[in-house]
Amino acid sequence: MAFGTSFPGGAATLAWCSGPIQSVTVFASVADIEQIHGHDGDSVVVWLDPHHTDEKGNDHE
């Protein structure tokens with residue numbers, strides 16, 4: 001299981017919270033996280049807070 005944050009400037013973090021080795025990584029964007037960890041669509045980002053911004057700082061509901 002992983003959790004993350006998305007910042008208005010576009011940066012994003014991913015925190016791995018399960019298993020024997022846990023980590024937090026900073027990425028340039030959520031899109032980069034999806035590209036690296038998305039497994040061609042088999043893993044997806046689920047927003048817990050319905051209000052967020054994309055990597056360009058645009059608001060989304």
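In this predicted model, Thr 13 stands opposite Val 26 of strand E3. The strand pair to which this position relates is that of E2, covering residues 12–16, and E3, which run antiparallel and are joined by 5 bridges. Strands of a sheet pair through backbone hydrogen bonds, and such pairing may be either parallel or antiparallel.

The sheet as a whole is open and consists of 3 strands in the order E1-E2-E3, with antiparallel pairing. Strand E1, residues 2–6, and strand E3, residues 23–27, stand at the edges of the sheet, and because each has a single partner strand, one side of each is left without a neighbour in the sheet. From one strand to the next, the twist averages 15°.

Helix H1, which comprises residues 30–37, lies across E1, E2 and E3, and its direction makes an angle of about 40° with that of E2.

The largest pocket encloses about 590 Å³ of space. Its lining is made up of 22 residues, among which Ala 2, Phe 3, Gly 4, Val 45 and Val 46 are the closest to the centre of the pocket. The elements E1, E2 and H1 each supply at least two residues of this lining, and the largest share, 5 residues, comes from the edge strand E1. When the lining residues of the largest pocket are divided by character, 13 are nonpolar, 8 are polar and 1 is charged.

Notes: Residues are numbered from 1 along each chain as its sequence is written. This is a predicted model: local features need pLDDT of at least 70, side-chain atom pairs count only at pLDDT 80 or more; totals for chains, interfaces and linings use all residues. Side-chain values use heavy atoms; hydrogens and water are left out. Two strands pair if DSSP finds at least two bridges between them. Helices (H or I, at least four residues) and strands (E, at least two) are DSSP runs, numbered from the N terminus. Axes are lines fitted to C-alpha atoms, for helices over the stretch in contact, and angles run from 0 to 180 degrees between N-to-C directions. Contact means heavy atoms within 4.5 Å. On a 1 Å grid over the protein atoms alone, a cavity is a set of points where a 1.4 Å probe fits but cannot get out, and a pocket is an open set with protein on both sides within 12 Å along at least five of seven lines; lining residues have an atom within 4 Å of a point. Grid points are joined across faces, edges and corners, and a volume is the space filled by probe spheres set on the points. Ala, Val, Leu, Ile, Met, Phe, Trp, Tyr, Cys and Pro count as nonpolar, Asp, Glu, Lys and Arg as charged, and the others, Gly among them, as polar.
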